[in-house]
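Got your viewer open? Let's take a walk through this one, stop by stop, with something to select at each.

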Amino acid sequence: MFTPATTEQRFVLDHLVRLAEISPEATDLLDAVLEGAGEFAAGEWAPLERIGDTVGAKWSEDGVRMPEGYAAAYQAYVANGWGTIGSPTEHGGQGLPVSLAAAVLDTLGTANMGFALAPTLTVGAIEALVHHGSPEQQALYLPRLSTGEWTGTMNLTEPQAGTDVGALKTKADPVGDGTYRIKGIKIFISFGDHDMADNIVHLVLARTPGAPTGTKGLSLFLVPKFRLDEDGTPGVPNDVRVVSIEHKMGLHASPTCVLSFGDHDDCIGELIGPEFGGIRAMFTMMNNARLNVGLQGVQVAERATQRAVAYARDRIQGARAGTAAAIIEHPDVRRMLLRMKAQTQAARALVYYAFGQLDRGHAGDAAAKALVELLTPLAKAHATDLGNEVASLGLQVHGGMGYIEETGAAQHFRDARITPIYEGTNGIQAADLVGRKLSMDGGATLFALLDRMRGDAEDSGLARLIGACDEVARHLLASETDDRLAASYPFLTMLSVAVCGWLMEQSGRIAARSEGDPAFLKMKQVSARFYVEQIVPEALGLKAAAMAKSDILYALEASAF
């Protein structure tokens with residue numbers, strides 16, 4: 001039921017990311033990496049998807065135990081070097097572009113979305129240490145994180161501090177030797193504990209004595225599950241306890257932990273970066289994570305689409321021209337499947353394009369660095385919205401059988417639903433877009449992108465949508481805060497569809513003049529046409545909401561709801 005999307009990935013990396021401009025070396029390795037990752041994912045990770053959902057991770061007093069086969073499959077991932085693709089060469093990585101590493105993670109997550117969350121989080125920990133860790137911390141931890149031998153986590157949320165990170169209470173008291181005693185509770189910690197690796201490196205936000213209130217008083221600490229001996233190997237436990245794991249709607253292969261630090265006042269952490277530099281360091285990790293959560297939207301959409309197409313080809317129901325037919329022959333099923341295909345390709349184009357800009361930003365391109373800042377909320381929010389839409393359509397294609405767990409379609413629907421929630425809800429992404437991202441340079445980055453898109457657009461409907469995005473953006477720049485926020489989600493969706501339409505239209509043109517697999521190239525052209533003709537016009541209908549003031553939202557007292 002799983003087929004690596006290798007041809008599609010290669011097309012997007014070649015023509016939209018333009019990988020050859022970023023790294024000729026990576027282009028030479030592209031086929032080997034994509035095909036090798038596909039074979040590995042199909043052989044090692046995809047077969048574990050079902051047990052990951054039905055059995056899932058289990059809590060015990062000795063820690064979290066993963067389902068049978070997971071530890072061996074994870075060690076195979078480490079042994080085959082898949083974690084090293086985008087990691088720095090000076091710390092044992094291959095130093096290849098982030099966009100290529102994202103394609104590998106896309107394949108792994110399509111094979112087993114819950115499982116792939118472990119390396120996804122480790123990538124974020126690597127980013128934080130590369131940019132903010134001391135040379136000693138980098139030397140001790142990055143080589144093992146880069147290979148995946150150790151995994152990483154991100155510890156922000158507390159029972160009283162969710163989106164309001166500034167309300168967290170975890171303490172960090174100086175020991176006197178440069179280390180700190182960490183004490184507090186963190187919740188919703190993905191892969192906060194497991195039995196697949198020798199150590200887990202927790203990155204924990206906490207407050208030092210006398211720290212200012214709010215986010216300005218936060219510092220970031222490195223807290224390993226096991227303290228390191230003098231030779232750098234894991235030694236004694238570090239007073240980090242798994243209180244419980246959550247019973248969730250989906251994503252059962254990913255243990256979501258409640259962690260208690262310092263029950264016995266013996267949890268030792270090291271400061272990462274300067275005191276009170278926690279938010280800056282954590283945002284390095286979170287911005288990476290937000291793109292990777294957008295990538296999860298691509299993963300679940302791809303797998304749901306593959307499952308729905310296979311079912312629609314096999315399920316005989318009704319007739320066409322007097323002959324019994326598979327449901328794929330009926331117009332409404334065709335509509336759903338083509339929409340699934342187009343939305344999945346659009347999500348992948350958007351997220352991969354953002355990763356490509358991240359690569360260019362790392363190479364010193366200031367315009368690309370600003371563009372990826374703008375694209376991050378779009379990639380996180382819109383791609384995960386599409387993951388949910390496509391998973392829901394996949395359930396619908398299956399009909400009543402989709403509601404039965406044994407078909408597997410329901411798992412995608414359940415797994416997808418967390419993605420618009422974690423790593424900053426999609427509402428937070430929309431607020432970020434109309435707040436910081438729209439205003440960061442007076443709109444210059446956005447308007448430059450819209451001008452470029454307008455110059456490329458051939459379809460009149462796409463051109464109108466781009467023009468509408470320009471009009472709404474200028475209106476919001478001059479609007480009051482509440483009006484901006486009230487318009488934020490419709491505007492995010494409009495802008496995301498415009499960017500996706502721009503990328504999809506390009507894809508269709510390129511496919512029309514390319515040589516290769518005729519079936520694949522025809523699908524690219526048809527899905528691009530469907531997207532531009534049927535999905536782009538839907539987004540134009542959001543303009544009224546994006547231009548509306550906030551007063552209607554407050555026309556009722558809270559009690560009236």
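At roughly what angle do the axes of H10 and H17 cross? Select both helices to check: H10 covers residues 331–362 and H17 covers 518–540. Their axes come within 9 Å and cross at roughly 95 degrees. That makes H10 roughly perpendicular to H17, because angles from 65 to 115 degrees count that way. Keep in mind throughout that you're looking at a predicted model.

Now show side chains where these two helices meet. On the H10 side, pick Arg335, Leu338, Arg339, Lys341, Ala342, Gln343, Gln345 and Ala346. Facing them from H17 are Met523, Lys524, Val526, Ser527, Phe530, Tyr531, Ile535 and Glu538.

**Next stop: H1**

Leave H10 on and add H1, residues 6–17. The axes of H1 and H10 come within 10 Å and cross at roughly 50 degrees, so this pair is oblique. The crossing is right-handed. To see the contact, select Glu8, Gln9, Val12, Leu13, Leu16 and Val17 of H1. From H10, add Gln345, Arg348, Ala349, Tyr352, Tyr353, Gly356 and Arg360. Gln345 is worth a label, as it turns up here against H1 and also on the H10 side of the meeting with H17.

Which residues of H1 are buried? Colour Thr6, Glu8, Gln9, Phe11, Val12, Leu13, Leu16 and Val17. Then bring up what covers them, which includes H2 (19–22), H3, H6 (98–111), H10, H16 and H17. Before you leave, click on Arg18, which follows H1 and has a positive phi, near 55 degrees.

**Over to Gly508**

Gly508 sits in H16, residues 481–513. Is it buried or exposed? Its relative accessibility is 14%, so Gly508 counts as buried, the cut-off being under 20%. Select Lys524, Gln525 and Ala528 along with it: leaving aside neighbours within four places in sequence, these are the residues Gly508 is in contact with. You met Lys524 earlier, where H17 meets H10. If you like drawing distances, try the C-alpha atoms of Gly508 and Leu521, which are 8.4 Å apart with these positions 13 residues apart along the chain.

**H3 and H5**

Hide the rest and show H3 (residues 24–45) and H5 (residues 70–79). Their axes are 10 Å apart and the packing angle is about 160 degrees, so the two helices run roughly antiparallel. H3 passes H5 in a right-handed crossing. Show Phe40, Glu44 and Trp45 in H3, and you'll find them meeting Ala73, Ala76 and Tyr77 in H5.

**Zoom in on Trp45**

The structure holds 10 aromatic pairs. Trp45 and Tyr77 make one that is tilted, at 5.6 Å centre to centre and 45 degrees between the planes. Since Trp45 lies in H3 and Tyr77 in H5, the pair ties together parts that are 32 residues apart in sequence.

Now add Phe115. How are the rings of Trp45 and Phe115 arranged? Their centres are 3.8 Å apart and their planes are at 15 degrees, so this pair is stacked; the cut-off for stacking is under 30 degrees. Phe115 belongs to H7 (residues 113–132), so its pairing with Trp45 ties together parts that are 70 residues apart in sequence. Trp45 counts as buried, at 0% relative accessibility, and Phe115 counts as buried at 0% too. Tyr77 is also buried.

To take in the wider group, select Phe40, Trp45, Tyr70, Tyr74, Tyr77, Trp82 and Phe115, which ring pairs link into a cluster.

**Two loops and a charge**

Jump to Phe191, in the loop between S5 (179–190) and S6 (200–207). Phe191 has a positive phi of about 50 degrees although it is not a glycine. Its relative accessible area is 1%, so Phe191 is buried.

Then click on Ala321, in the loop between S13 (316–320) and S14 (323–326). This non-glycine residue has a positive phi as well, about 55 degrees. Here, though, the relative accessible area is 85%, so Ala321 is exposed.

For the last stop, select Arg474 and Phe447. The charged end of Arg474 sits over the ring of Phe447, 3.9 Å from the ring's centre.

Notes:
Residues are numbered from 1 along each chain as its sequence is written. This is a predicted model: local features need pLDDT of at least 70, side-chain atom pairs count only at pLDDT 80 or more; totals for chains, interfaces and linings use all residues. Side-chain values use heavy atoms; hydrogens and water are left out. Rings of Phe, Tyr and Trp (its six-membered ring) pair if their centres lie within 6.5 Å; planes under 30 degrees apart count as stacked, over 60 as edge-to-face and the rest as tilted. Helices (H or I, at least four residues) and strands (E, at least two) are DSSP runs, numbered from the N terminus. Buried means under 20% relative accessible area, exposed over 50%, partly exposed in between (1.4 Å probe, protein chains only). A charge sits over a ring if NZ of Lys or CZ of Arg is within 6 Å of the ring centre and within 35 degrees of the ring normal. Axes are lines fitted to C-alpha atoms, for helices over the stretch in contact, and angles run from 0 to 180 degrees between N-to-C directions. Angles under 35 degrees count as roughly parallel, over 145 as roughly antiparallel, 65 to 115 as roughly perpendicular and the rest as oblique. A crossing is left-handed if the near helix is turned anticlockwise from the far one by less than a right angle, and right-handed if clockwise. Contact means heavy atoms within 4.5 Å.
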